[in-house]
Each structure stands twice: as structure tokens, then as C-alpha cells.
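Here is a quick tour for anyone meeting this structure for the first time. Have a look at the model, and then we'll walk through it piece by piece.

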Amino acid sequence: MMRRPLALLLSLALAFPVRAVDLPDLGDVGTSDLSTAAERRIGDEIIREIRWKDAAYLDDPEIEEYVNRLGHRLVAASDKPLQDFDFFVIKDPTLNAFALPGGHVGVHSGLILAAQSESELASVLGHEIAHVTQRHIAQIVGKQSQAGMAMLASLLIAVLAARSSSQVSEAAIAAGSAGALQSQLGYTRDYEREADRVGLQVLEGAGFDVRGMPSFFERLQRGTRLYENNAPAYLRTHPLTFERIADMENRVSSMRYRQVLDSSDFGYVQAKLRAQAGLPADAVKDLESRLAQQPRDATQRYGLARALMRAGRLDEAQAMLDKLRGDAPPSSFIEQLGAEILLARKDGAGAVRLLSTAQKRFPGSRSVGYALADAQILSGMPAAAASGVRQLLNSRGDDVRLWQLLSRADQALGKRTAQHRAQAEVYALQGSLPAAIEQLEIARREADADFYELSAVDARLRELKQRYRDEKRDKERFGGS
Ligand SMILES: [Zn+2]
């Protein structure tokens with residue numbers, strides 16, 4: 001929901017002094033709406049801050065792959081199936097989800113765990129997707145002046161950077177948001193209603209159980225009363241009224257009933273989040289009691305195996321996994337856990353064998369590709385890792401994780417020029433052009449490059465220097481902030 005950044009921004013405008021921050025050029029500000037391209041640039045800038053600087057960002061390719069698959073299935077059923085979207089997870093027990101400018105949709109781990117079905121989780125994502133496809137953010141932001149935008153965006157970045165560590169910012173948000181929400185209520189009700197309506201269509205179009213939406217939102221609202229003044233973040237920023245729930249129920253009652261089974265991946269993701277929560281011993285206890293209640297549930301067994309591995313009980317984890325593999329349908333989640341257990345047991349070659357087979361069975365899985373290259377580097381097979389990663393980079397040149405793996409593989413191979421070249425791409429994609437340029441300058445000075453490699457480094461160096469000059473010029477023109 002775009003309400004989160006916006007409500008936050010407006011409230012924090014009172015609480016924090018304006019701070020200078022590097023911002024992208026906003027482009028054509030004469031129009032009343034923010035242009036899609038400008039929205040994307042702002043969103044990209046913010047997501048880089050979250051992804052590379054916010055400790056709460058969940059850096060888990062398996063879970064990220066799942067939420068993106070779920071999210072894109074919904075986007076495909078929207079009226080903007082080709083619009084850019086990406087989905088990510090924030091480690092946070094509170095119930096929240098939010099859309100940033102440019103189609104970046106974040107969901108808290110607490111919300112994933114609170115969903116009692118995949119359709120429920122999909123209903124929240126559908127609502128956020130609707131905020132984006134209906135251009136609510138652009139409309140609200142477009143009403144601010146460009147100077148106001150700069151201030152708002154810089155505050156947003158400051159808040160996001162501080163959000164995981166600082167209690168102060170939490171308090172400031174809670175104190176300021178009531179007034180901010182009130183002043184935005186005119187938009188809020190209309191936009192929320194539209195996001196509910198469009199989100200429900202998306203949910204239905206993607207083949208989910210539409211009753212998931214009123215049931216989840218109603219449970220969220222029931223939960224609010226228990227929290228008293230400390231309502232779940234989702235509701236604080238997303239005012240949820242009985243009227244909204246009644247509207248949803250009305251619409252749902254006229255739709256066709258459809259029984260929808262959860263994908264097993266939904267269960268694996270919930271189990272993985274549980275296995276990683278709290279202390280290892282507590283996670284083991286939690287998953288043991290869940291498995292006792294659902295002894296035939298493969299995903300609970302997976303969760304317990306993962307918690308046991310975390311607690312260092314590797315033999316038990318292995319036994320649990322072997323049993324799971326015996327009677328659950330094939331899953332990349334099972335294979336990746338199997339490889340992690342083997343790596344923990346110092347059987348790197350076994351992990352590589354397992355993941356090589358898994359890659360053939362699940363060729364579209366990015367997380368399996370990363371895990372294989374990582375296992376190869378860890379077990380003294382960096383040449384195989386580098387060649388596999390290079391192949392994947394042919395179609396995914398903007399994948400930071402692949403460049404990181406390539407840099408590690410080249411380092412292990414002693415190819416110093418190549419190592420720094422790859423590291424330069426990591427920094428460039430993370431938005432740190434000066435660091436990227438520095439890596440290329442280091443690469444030039446290494447002695448192991450041949451003529452062709454040196455020319456490639458020089459060409460890339462010229463490109464990045466030019467891009468850096470352009471960005472600096474844009475920022476100066478934009479207001480000298
Ligand atoms: Zn909303």
C-alpha cells in the first residue's frame with residue numbers, strides 16, 4: 001500500500017529536519033501526475049536503500065522467488081500485465097505490506113505467517129498491486145511540488161534506513177501518523193476502496209479463492225482490538241473500516257465459489273520463516289508441536305528438519321529430510337535444504353551433486369542456480385561456478401547476486417582483473433558508481449589481464465564515468481539538494 005511511505009512521510013515532515021539526499025532527476029514535473037518513468041526512478045532509488053542498507057531486508061533468494069512468482073501471477077491477471085513489478089520481504093513480525101513508487105511491493109514476514117491460506121496472502125498482494133496499477137502513488141505525489149517531493153523522498157529514505165534499528169523513529173511514526181492520516185482521509189477512503197475492488201478482480205482472475213480477502217482483512221481488524229492503541233502497522237497506515245469489509249463481502253457473495261488448494265511452496269515458505277525465527281532451540285520446539293498436530297504435513301516436517309539443522313542436530317535433520325523426500329512430491333525447497341545439510345556436514349561434493357541434479361529438474365529456479373554456484377565455490381570448484389554463472393548472466397545481466405558469485409569465483413581462481421570487473425558490476429547495480437569506478441581502476445592495474453580484457457575494462461570505465469557525470473549534472477539541475 002502506498003499509504004505507508006506517504007503517511008510516514010507526511011507525519012515525519014513534522015518530526016525531522018529536512019536532510020539533503022541524492023535524488024534522481026524527476027523529469028517532467030509540469031504535469032499534475034508523476035510520470036511513470038520518474039516514479040520508477042524514485043522507486044529504484046528507494047529500493048536500493050532498502051535492499052543494500054536496511055538490515056531488515058530478507059536476503060533469502062528462495063522466499064523472494066516465491067513471493068515474486070505469487071505476485072507476478074496476480075499482475076498477469078491485472079489490466080496492466082506488462083507493468084514492472086518486483087516483490088520483496090521485510091523481516092518484521094508486524095502485519096504490514098506496502099507499495100513503493102515504481103511497482104516495488106514489500107511484505108512483512110509477520111503478514112506471510114499470519115495468512116491462513118495462500119489466497120489470503122494473495123489478497124493483500126492484490127490490494128497493493130491495485131494501488132500501483134491505478135497509479136495512486138503518482139496521483140498523490142503529483143499533487144506535491146517538486147521541492148516537496150524532494151523533501152518527502154529524502155525523509156522516506158532516512159526513515160527506511162533507520163527503521164530496523166531505531167525505536168525513536170518508530171515512536172515518531174506512531175506519534176505523527178494519526179494527524180497525517182486524518183489529513184489524507186479524503187484520498188484514503190477512495191483509494192482504499194478502489195484498491196479493494198481492483199485487488200479482488202485480480203485475485204479472481206488469477207484463480208485464487210476470493211473469500212480470502214474479506215476473511216483475512218476481517219481477522220486483521222479483529223486483531224486490532226487486542227492491540228488497542230498499538231494497532232498492526234497495516235491497519236495504522238491502511239484504515240480498515242467495517243464498511244470496507246462489508247463491501248468486500250458483498251462483492252464476494254456474487255462471485256463464483258471456487259475451492260483452491262494452497263501450493264506446497266506457500267507451506268514451505270511459512271515453515272522456513274518459522275524455522276529461522278527466534279533461538280534455534282525455540283524454533284525446534286515450535287515446529288515439533290506443529291508437526292505433532294499435523295503429522296502428515298510435509299511442510300511441517302521440512303520446517304522441523306530446517307530448525308534441527310539450525311540447532312546443529314545434523315543427523316536428525318538428515319533423517320527427517322530423507323523421510324520427507326520419500327513421500328513428498330519433488331520440490332526445490334527439499335533439494336536446497338538437503339544441500340545445506342550436506343554443506344553443514346562438510347560434504348561439499350555431495351551438495352554440488354545434489355544441486356546439479358536439482359538444477360536440471362528445476363531449470364527456472366534462480367535460487368537453485370545461486371546455491372549451486374555457492375556450493376561449487378565452497379568446495380573448490382570455482383571454474384565450474386564461474387562458467388555456470390557466466391551462462392546465467394547472458395540473460396540476466398542485472399542480477400546482483402550472480403555478479404557477486406562471479407567475483408567470488410574469479411577471486412578463488414586467482415583472476416584478479418576479472419574479480420574486480422565483476423565487483424564493479426555489483427557496485428554499479430547497487431547504485432554506487434564511485435565504488436564501481438574504483439573497482440575498474442583497480443582492475444586496470446592488475447597484471448593478469450590480456451589486451452582484450454583491458455580494452456573491455458577501459459570501455460566500461462568510460463561508460464560508467466559518463467553515467468556518473470550525467471547523474472551529478474541531473475542532481476545539480478534538480479535543485480542542488
Ligand atoms: Zn491500501
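Let's begin with a handy yardstick: the expected span of a helix is 1.5 Å times one less than its number of residues. Keep in mind that what you're looking at is a predicted model.

Now try the yardstick on helix H17, residues 332–344. At 1.5 Å a residue, its 13 residues should span 18 Å, and the end C-alpha atoms are indeed 18 Å apart, which agrees.

Is H17 enclosed or left open? Buried here means under 20% relative accessible area. In H17, 10 of the 13 residues are buried, so the helix is largely enclosed by the rest of the structure. Among those buried residues are Phe333, Ile334, Leu337, Ile341 and Leu342, but also Ser332, Glu335 and Gln336. What do they pack against? Their partners are helices H3 (61–76), H13 (264–276), H15 (298–310), H16 (314–327), H18 (348–361) and H19 (366–378).

The ends of H17 have their own details. At the N-terminal end, serine 331 acts as a cap, with a side-chain oxygen 3.0 Å from the backbone nitrogen of phenylalanine 333. Just after the helix, lysine 346 takes a positive phi of about 65 degrees.

Stepping back, the protein has 24 helices and 3 strands. Of its 481 residues, 52% count as buried. Look at the contacts with a separation of 6 or more, and 67% of them come from residues 24 or more positions apart.

Next, the strands. The 3 of them form an open sheet in the order E1-E3-E2, with mixed pairing. Strands E1 (86–90) and E2 (97–100) stand at the edges with a single partner strand each, so one side of each has no neighbour in the sheet. On average, and ignoring direction, neighbouring strands are turned by 20 degrees against each other.

How do the strands pair? E1 and E3 (residues 104–108) do so in the parallel sense, over 5 bridges. E2 and E3 run antiparallel and are joined by 4 bridges. Here are some of the residues that face each other across the sheet:

| Residue | Residue opposite in E3 |
|---|---|
| Phenylalanine 87 | Valine 105 |
| Valine 89 | Valine 107 |
| Alanine 97 | Valine 107 |
| Phenylalanine 98 | Glycine 106 |

E2 and E3 also make a hairpin with 3 residues between the strands, where glycine 102 takes a positive phi near 85 degrees.

In a regular strand the side chains alternate between the two faces of the sheet. You can follow that pattern along E3: His104, Gly106 and His108 point one way, Val105 and Val107 point the other way, and all are buried. That fits the count for the strand, with 5 of its 5 residues buried. In E2, Ala97 and Ala99 point one way while Phe98 and Leu100 point the other, and again all are buried.

Helices pack on this sheet too. Helix H2 (residues 36–53) touches E1, E2 and E3, and its direction makes about 30 degrees with that of E1. H5 also lies across E1, E2 and E3, running at about 25 degrees to E2.

That leads us to the nonpolar interior. The largest nonpolar core has 67 residues, and those with the most contacts inside it are Leu74, Phe87, Val107, Leu111, Ile112 and Leu121. Helix H5 (residues 118–133) supplies the largest share of this core, 7 residues. A second, separate core of 15 residues includes Ala373, Ala385, Leu405 and Ala422.

Which residues does valine 107 touch? Not counting residues up to four places away in sequence, the list is Val67, Phe88, Val89, Ile90, Asn96, Ala97, Ile112, Leu121 and Leu125.

One last stop is arginine 396, in the loop between helix H20 (382–393) and helix H21 (400–412). Is arginine 396 buried or exposed? With a relative accessible area of 12%, arginine 396 is buried, since the cut-off for that label is under 20%. Leaving aside neighbours within four places in sequence, arginine 396 is in contact with Arg366, Tyr370 and Leu402.

Key:
Residues are numbered from 1 along each chain as its sequence is written. This is a predicted model: local features need pLDDT of at least 70, side-chain atom pairs count only at pLDDT 80 or more; totals for chains, interfaces and linings use all residues. Side-chain values use heavy atoms; hydrogens and water are left out. A nonpolar core is a set of buried Ala, Val, Leu, Ile, Met, Phe, Trp, Tyr and Cys residues joined through side-chain atoms within 4.5 Å. Buried means under 20% relative accessible area, exposed over 50%, partly exposed in between (1.4 Å probe, protein chains only). Helices (H or I, at least four residues) and strands (E, at least two) are DSSP runs, numbered from the N terminus. Contact means heavy atoms within 4.5 Å. Two strands pair if DSSP finds at least two bridges between them. Axes are lines fitted to C-alpha atoms, for helices over the stretch in contact, and angles run from 0 to 180 degrees between N-to-C directions. A polar contact is a pair of N or O atoms within 3.5 Å; within protein, one must be able to donate a hydrogen and the other to accept it, and residues adjacent in sequence count only if both atoms are side-chain atoms.
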